[in-house]
Structures are given as C-alpha cells and as structure tokens.
Amino acid sequence: MAVREAADLRLLFDLDARRDALGQLESFLIAHTDALTEALATDLGKSPTEAWSTEIGFTLNQIRDARKHLEQWAAPRKVKLPLKMRPGRARIIPQPLGAVCIIAPWNYPVQLTLAPLVAALAAGNSAVVKPSEIATATEALLAAELERYLGEYVSVVTGGPDTVTELLTHRFDHIFYTGNGRVGRIVMRAAAEHLTPVTLELGGKSPAVVTSQADIDIAARRIAWGKFVNAGQTCVAPDYVLVERSVRDRFVDQLRRSIERFFGDDPSLSPDYGRIINGRHLGRLVSLLDDPDAGQVAIGGLADPISRYLAPTVLIDTAAGSALMDDEIFGPILPVLTFDELDEAIATIGSRPHPLALYMFSADDHEVDRVLARTTSGGALVNHTLLHLAVEGLPFGGVGESGMGSYHGVAGFDTFSHLRSVLARPTKPDPRVMYPPYGSLKQRVLRKVL
Ligand code: NAD
C-alpha cells in the first residue's frame, strides 16, 4: 500500500475493531513464530529462546495486556470538579490521533517494530510501519506478511534513510522513532515541519553501580546476563560498570564464572550466544578494543569477522577518556571502572547525558536511595538488569539524550491517544454573577469564589 493511502485508512474508534486488529497481530505472530525465529537467527544469531522471550513472546504479552485493559484505558476518565465549578461533569476522553508512523531499529527488529504498533492499534490509530533495513531477513518477512493480516489498518514500508526521508515529508499525527539520537534529531526536525508530535526512544550509556554492600555473585550474574543477551546489542544493556574498588576482583571473577556457565568455555560454540548484526558494526566494536586507552582485556576479546562473532568481553582499567567511554558501546564489551566513594560514582553518572537505564546493586537501602535520588535515567532497576521493561505497568522511555515520551501498557495507549478534556455543564443554575456588567458587588463575589 502506498504511504499516501495510509493517512486515509480508517480510524478504529470502535473498540471491537481495535480488538480485531490486535487479534490479527496476535494471529500473525503465532502463525509466523517459526519464520520469525529463523529470521532473527539469520539477522542476529538469536537463539529460539531469546527470540521468544525478548521478541515474539514479549510482543504477545503486550497484545494480551492491551486486550485485557482496553476497555478500561479507552473509557472516559472522570475528573473531580472543584466546588466552584459545580454542578457539572469533567472527563478526559481518549481519542485516536489518526495516522501514525513507527520507525524501528534492527536490534530487536520484531519487538521494536510491533510493540509500538500494539499501542497504536489499541489507541485506535492506523499506522505506517518502517522496520529497519539492517535486519534484512526480519524486514523481508514483515514486509511480505504483516499487511496480509492488518492491511486494513497498517502499511509496511521498506528501505533505508532515503525511505525515511521521503516518509517524513508526509503529514502524520504522531511519529514514534526508536534508534540512535543522531537520526532522532533528523526525525524531530522533519516532524517540526508539520508540527507532528514525536516519541523518541533512544539509547545511551546505561551504568551499573556495584557497591561492596551488594551480593557480588548475584550482581555479576545478572549484569553478565543483561549485558550479553543479544550479544550486547540492547538499548538498556549495562554499558559500563562502576564497582567499588575493594570488590572489583571478586566481581570480575564472578563475571568470568557466569559467562562460562552461560556460554561454555568457547562462547562461539554456544547456541545461546548471538552475533553482531553486520561487518560494519563488528568493525566499530573491534576498533574500540584497539584503542590504547581501552584498558586490559580481563575476559574474552576474540573476534571473527566471517561469523560476525565477538566474544563476551570484559575490560578493566579502562581510562575515563577512552573511546569506549564516549558513546554507547552497543555490543558485548563491558568496561569495569572502579570508585572508592559512592559519591564518585554518582558524579561520574551525573557528568554524562542522562542514560536510558540505571542499575544499582546494593543490599543497603541508604545507598540505593542515595543513588536513585541523586541521578536520573529513563528507568532504574535495583539488583537486576533489563527486567523493568517487561513490567507492563511501568512506562518505558528515556529522558534527555536517551529520549522523550514512553510506552508499554497504558503509557503506550496514552502516547498514541489524544486525551481530550471535556467539561459538561447543566443549563441550570446559571448565576448572573459571572456575566457583565460587573459592578463592585459582583467583582467582590467573583474574587472570593475564584
Ligand atoms: P537503525 O540503523 O536500524 O536505525 C533506526 C531507523 O532509522 C531505521 O529504520 C533506519 O532506516 C532509520 N535511519 C537510519 N539512518 C537514517 C537517516 N540518516 N535518516 C533517516 N532515517 C534513518 O538502528 P540504530 O539507530 O543503529 O539503533 C541502535 C540505537 O537505537 C542505539 O543507540 C540504541 O540504544 C537505540 N535503541 C533504543 C531503544 C529504546 O527503546 N529506547 C531500543 C533499541 C535501540
């Protein structure tokens, strides 16, 4: 379907139509589970378990949650009237925005294309969906099959930057972009032309803080899991660790142990360890390791361009000025930096742009509260990694450089809705005091009441 036609797709004011659309999306995912799993293996070497838990099953959960709560989310929301405004009835009535545009990245090419679509459809919008051209097998599958299920409401557009540039000349009612901040700026500039609101789901360097009060074994296992799932190509992966100096060696030993338990002696042979999306990204990651300031390789370090493999890699003594600490790493390289006082870790985090996630490992509530109160990030998680984004009731999104707006659960529904304020007044009473002419008596009364 041509992009232009998408704007004419009908809105789903009717909740049954929205349920039908969500049902169609569910049918698509169920019917194509095997094909999607295969595409994800081709694109990213994703294991079937990861493909299910982080992509297909994840999106199915979003659909089921939306279906379950649709009536509640779409219902008018009563607002209490202050005494002076009574009698009357105030409500917020969610309405579809219209035709929305969803632009997705390659790292979770199913989830990040379809989870925003769940929210858009639940809120009653039609959508133009642009999967990432970099995850080629998944893009091809979505382009070939999705409209067969959702053609009434959804148009799938394929291609790279030129396609996006062309797409953004059209007038949409909302643009939902997930990807890097450089393109986020391009999207926002183009959206300004039509005054189109945007949601930008970006990335950043998400820190993990580990103090001496943490359960070090658990911290290492959970950070290793969060970092090396999808070979580190996760927007909320712990980008670097700030560990208290006294426990650094134990922490790194436990990281080594966890990596061995997860992926064996040679992770390149593990069916559960992914691959880097393409040669360009692998080259970028290897050059980060080649930086003389990168520090010492404590674990891993091996790369194989033919299979796009990069071992789970842990670095110690990384210099603060190293290229690794400039931008989001977005691959399986984990620099472990040290601090002596918690305030140093807080200062390091505060000196950088606001990250998408922050992970705090400590059994001491005072330490946890201090870090949470004195830093900011899109989301935060205490004593684990990644899991916060699987809680449907928690809005998922960034702050500052890590993005604007949020989704998942009702937050996604609201992102794709216009929350219309409606006040209804009965015709009686109609006190004259509010209408001119205002003598001094009316003025006194009005000042008192208002
Ligand atoms: P990408 O290269 O697939 O780009 C994302 C989208 O932007 C694609 O659809 C692509 O076609 C389009 N695009 C690329 N260059 C463009 C240009 N010059 N003009 C217009 N459109 C263009 O993905 P990426 O940006 O490499 O994704 C990785 C980044 O995304 C990381 O920074 C990561 O943290 C972030 N990310 C954020 C989230 C989140 O939910 N907040 C999720 C995943 C990834």
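**Figure 1. Strand 3, covered on both faces.** Ala 99, Cys 101 and Ile 103 on one side of strand 3, and Val 100 and Ile 102 on the other, are all buried, so that both faces of this strand are covered. The model shown here and in the following views is predicted. Strand 3 spans residues 99-103, and 5 of its 5 residues are buried. The division of the residues between two sides can be read against a general rule: in a regular strand the side chains alternate between the two faces of the sheet.

**Figure 2. The parallel neighbours of strand 3.** Strand 3 pairs with strand 4 (residues 126-130) in the parallel sense over 5 bridges, and within this pairing Ala 127 of strand 4 is the bridge partner of Val 100. Strand 3 is also joined by 4 bridges to strand 6 (residues 174-178), and these two strands likewise run parallel; here Ile 102 stands opposite Phe 176 of strand 6. Together with helix 5 (residues 111-122), strand 3 and strand 4 make a β-α-β unit, which is right-handed.

**Figure 3. The surroundings of Leu 22 in helix 2.** Leu 22 has its place in helix 2 (residues 15-31) and is buried, with a relative accessible area of 0%. Leaving aside residues up to four places away in sequence, Leu 22 touches Ile 63, Ala 66, Arg 67, Val 118, Leu 121 and Ala 122. Gly 393, which is 371 residues from Leu 22 in sequence, is 19 Å from Leu 22 in space, taken from C-alpha to C-alpha.

**Figure 4. The open antiparallel sheet of strands 1, 2 and 18.** In this sheet 3 strands are arranged in the order 1-2-18, with antiparallel pairing. Strand 1 (77-79) and strand 18 (417-424) are the edge strands, each of which pairs on one side only. On average, neighbouring strands of the sheet are turned by 30° against each other when direction is ignored. Strand 2 (residues 89-96) and strand 18 are paired in the antiparallel sense over 8 bridges, and Arg 89 stands opposite Ala 424 in strand 18.

**Figure 5. Two cis peptide bonds before proline.** The peptide bond that leads from Arg 86 to Pro 87 is cis, with omega near -5°, and Pro 87 has its place in the loop between strand 1 and strand 2. A cis peptide bond also joins Lys 428 and Pro 429, with an omega of about 0°; Pro 429 lies in the loop between strand 18 and helix 15 (440-449).

**Figure 6. Helix 11, with a buried side and exposed residues on the other.** Helix 11 (residues 279-290) has 12 residues and reaches 16 Å from its first C-alpha to its last, close to the 16 Å expected at 1.5 Å a residue. Its buried residues are His 281, Leu 282, Leu 285, Leu 288 and Leu 289. These buried residues lie on the same side of helix 11 because they cover an arc of only 120° around the axis, whereas Arg 280 and Asp 290, on the other side of helix 11, are exposed. The cover over the buried residues of helix 11 includes strand 11 (303-304), strand 12 (309-310), strand 13 (313-316) and strand 14 (333-339). As a general point, an α-helix has 3.6 residues a turn, so residues three or four places apart point the same way.

**Figure 7. The buried side of helix 12 and its packing partners.** In helix 12 (residues 342-350), the residues Leu 342, Ala 345, Ile 346 and Ile 349 are buried. Because they cover an arc of only 100° around the axis, they are placed on the same side of helix 12. The elements against which the buried residues of helix 12 pack are strand 8 (207-210), strand 9 (240-244), strand 14, strand 15 (357-361) and helix 13 (365-374).

**Figure 8. Positive phi at Asp 317 and His 408.** Asp 317, a residue other than glycine, has a positive phi near 55°, and its place is in the loop between strand 13 and strand 14. His 408 is not a glycine either, but has a positive phi of about 85°; its place is in the loop between strand 17 (403-404) and helix 14 (409-415). His 408 counts as buried because its relative accessibility is 1%, where the cut-off for a buried residue is under 20% relative accessible area.

Conventions:
Residues numbered from 1 in each chain as written. Predicted model: local features only at pLDDT ≥ 70, side-chain atom pairs only at ≥ 80, totals over all residues. Heavy atoms only, no water. Buried < 20%, exposed > 50% of the residue type's maximum accessible area, 1.4 Å probe, protein only. Pairing = 2+ DSSP bridges. Right-handed = clockwise from strand over helix to strand, strands pointing away. Expected span 1.5 Å × (residues − 1). Arc of directions from axis to C-beta. Contact = heavy atoms within 4.5 Å. Axes fitted to C-alpha atoms, helices over the stretch in contact; angles between N-to-C directions.
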